Each structure stands twice: as structure tokens, then as C-alpha cells.
Amino acid sequence: MRCPFCSHEDTAVKDSRPTEDNAAIRRRRQCPNCGARFTTFERVQLRELTVVKNNGQREPFDRDKLMRSMTLALQKRPVEPERIDQMVSGIVRRLESLGETDISSRQIGEIVMETLARIDTVAYVRFASVYMNFQAVGDFDKFMSQLRPGPGATES
Ligand SMILES: [Zn+2]
């Protein structure tokens, strides 16, 4: 598997064991090129989801891709890989529960941002700034002002 940090083509499996709930196999990997360590999970996929991009292109939903972008957003943040995996599973369950096999990339982005916003503000801003592809500082300021909880917002 390709290294998510330096894109080196191959990484070594250091450890492999089932997760606590036995729903997946957890593998610790290390990149021989940059030394980065990361975790992958192997699991059953029950339903095929299709992502419809903004330009109308369609591609199969890729859980690993979602995992990679969340791992990158959460790089060097105090969040365990296993917690990230649970977050990804939660997102996939939400996508599946929409009842549609076609899902827009925008829907996914919004659910990811919602999830990250609850877990880690830094990761949220990292992800959101990439996702929303901010061109102007003005847009970013406007966006940040929307981050502040409004009246009646509840902690969850
Ligand atoms: Zn690497």
C-alpha cells in the first residue's frame, strides 16, 4: 500500500490483528522511505456506493480514500487511528442510511466536516480549507465566522 505521507509505492506491515469488535483487521504499517507509521483496516463492504462529483463524474465510493483524507486532516493531532477508523465507519453508516446508492461529493464533504468539527477544530479547519478550495481570504474569514456556535447551539 502506498504511503499517505510521501507517496512511496510500498509500505511494510509491522503488526496485524483483529479490532476489538472483530469487525475488521487492523494493520500497523511503516514506510521504509520516510519512516511514517500508519494503520489500515480491512473490512467487509456491504453496499456499493457511487460518488457523484460536482462536475457530474461518477466513481465508486472508496472508504480508504476517505480514511486517507481524514488521517491527513488529523495528522499530528491527538486522535488515535482506531478513533479515526470509528469516525470513518460512522460516516459510511450515515451515507448508507441515506438510502441512495448515488451520493454527491458535497454530501460526503459536509458529513466529514460535521464529524471533524465535533472531534478536532484544527483538523476540521484543515479539511474544510481544502474541501472548500478557498480562493480569497475574505471567504475564509466568512467561513471562520460561521464556525462560532450561534445562540441555542448545543454541545454534543
Ligand atoms: Zn512515506
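Is phenylalanine 38 buried or exposed? Phenylalanine 38 is buried, with a relative accessible area of 7%. Keep that residue in mind, for we will come back to its ring further down.

## A first look

Welcome to this structure, which is a predicted model. The protein chain has 156 residues, and buried residues make up 31% of them. Its secondary structure comes to five helices and six strands. If you walk along the chain from the N terminus, you meet the elements in the order β-β-β-β-β-α-α-β-α-α-α.

## The zinc site

A good place to begin is the zinc ion. Its protein donors are the SG atoms of Cys3, Cys6, Cys31 and Cys34, and these lie 2.2 to 2.4 Å from the ion. Along the chain, the donors follow the spacing C-x2-C-x24-C-x2-C.

How are the four donor atoms arranged around the zinc ion? They subtend angles of 106 to 112 degrees, so the arrangement is tetrahedral. For comparison, the ideal angle for four tetrahedral donors is 109.5 degrees. Two of the donor residues can also be described by their exposure: cysteine 3 is buried, at a relative accessible area of 1%, whereas cysteine 6 counts as partly exposed, at 30%.

## A sheet of three strands

Next comes an open sheet in which three strands follow the order E1-E2-E3, with antiparallel pairing. E1 and E3 stand at the edges and have a single partner strand each, so one side of each is left without a neighbour in the sheet. On average, and with direction ignored, neighbouring strands of this sheet are turned by 25 degrees against each other.

Let us take the pairs in turn. E1 and strand E2 (residues 24–30) run antiparallel and are joined by six bridges. Here valine 13 stands opposite arginine 29 in E2, and serine 16 has arginine 27 of E2 as its bridge partner. The hairpin of E1 and E2 has five residues between the strands, and asparagine 22 in this hairpin takes a positive phi near 60 degrees. E2 and E3 also run antiparallel, this time with seven bridges between them. Their hairpin has six residues between the strands, and glycine 35 in the turn has a positive phi of about 85 degrees.

## Glutamine 30 and arginine 37

Two residues let you see the pairing of E2 and E3 up close. Glutamine 30 has its place in strand E2, while arginine 37 is found in strand E3. Glutamine 30 stands opposite arginine 37. What sets them apart is exposure: glutamine 30 counts as buried, at 17% relative accessibility, and arginine 37 counts as exposed, at 53%.

Each of these residues has something further to show. A polar atom of the glutamine 30 side chain lies 3.4 Å from the backbone oxygen of glycine 35, and glycine 35 is the residue with the positive phi in the turn of the E2 and E3 hairpin. As for arginine 37, its C-alpha atom is separated by 9.3 Å from that of lysine 14, although the two residues are 23 residues apart along the chain.

## An aromatic pair

Now back to phenylalanine 38. Two aromatic rings are described by the distance of their centres and the angle of their planes. The count of aromatic pairs comes to one. In this pair, the rings of phenylalanine 5 and phenylalanine 38 have their centres 6.4 Å apart and their planes at 70 degrees; angles over 60 degrees count as edge-to-face, so this pair is edge-to-face.

Where do the two partners sit in the chain? Phenylalanine 5 belongs to the segment before strand E1 (12–18), and phenylalanine 38 to strand E3 (residues 37–43), so that the pair links distant parts of the chain, 33 residues apart. Phenylalanine 5 is partly exposed, with a relative accessible area of 30%, whereas phenylalanine 38 is buried.

## Helix H4

The last stop is helix H4, which spans residues 121–131. Which residues of H4 are buried? They are Ala123, Tyr124, Val125, Phe127 and Ala128. At the start of H4, a side-chain oxygen of aspartate 120 reaches to within 3.2 Å of the backbone nitrogen of valine 122.

Notes:
Residues are numbered from 1 along each chain as its sequence is written. This is a predicted model: local features need pLDDT of at least 70, side-chain atom pairs count only at pLDDT 80 or more; totals for chains, interfaces and linings use all residues. Side-chain values use heavy atoms; hydrogens and water are left out. Rings of Phe, Tyr and Trp (its six-membered ring) pair if their centres lie within 6.5 Å; planes under 30 degrees apart count as stacked, over 60 as edge-to-face and the rest as tilted. Helices (H or I, at least four residues) and strands (E, at least two) are DSSP runs, numbered from the N terminus. Buried means under 20% relative accessible area, exposed over 50%, partly exposed in between (1.4 Å probe, protein chains only). Donors are N, O and S atoms within 2.8 Å of the metal (3.2 Å for Na, K and Ca); water is not among the atoms, so sites may look incomplete. Four donors count as tetrahedral if all angles lie between 85 and 135 degrees; four count as square planar and six as octahedral if opposite donors are over 155 degrees apart and all others between 65 and 115; anything else is irregular. A polar contact is a pair of N or O atoms within 3.5 Å; within protein, one must be able to donate a hydrogen and the other to accept it, and residues adjacent in sequence count only if both atoms are side-chain atoms. Two strands pair if DSSP finds at least two bridges between them. Axes are lines fitted to C-alpha atoms, for helices over the stretch in contact, and angles run from 0 to 180 degrees between N-to-C directions.
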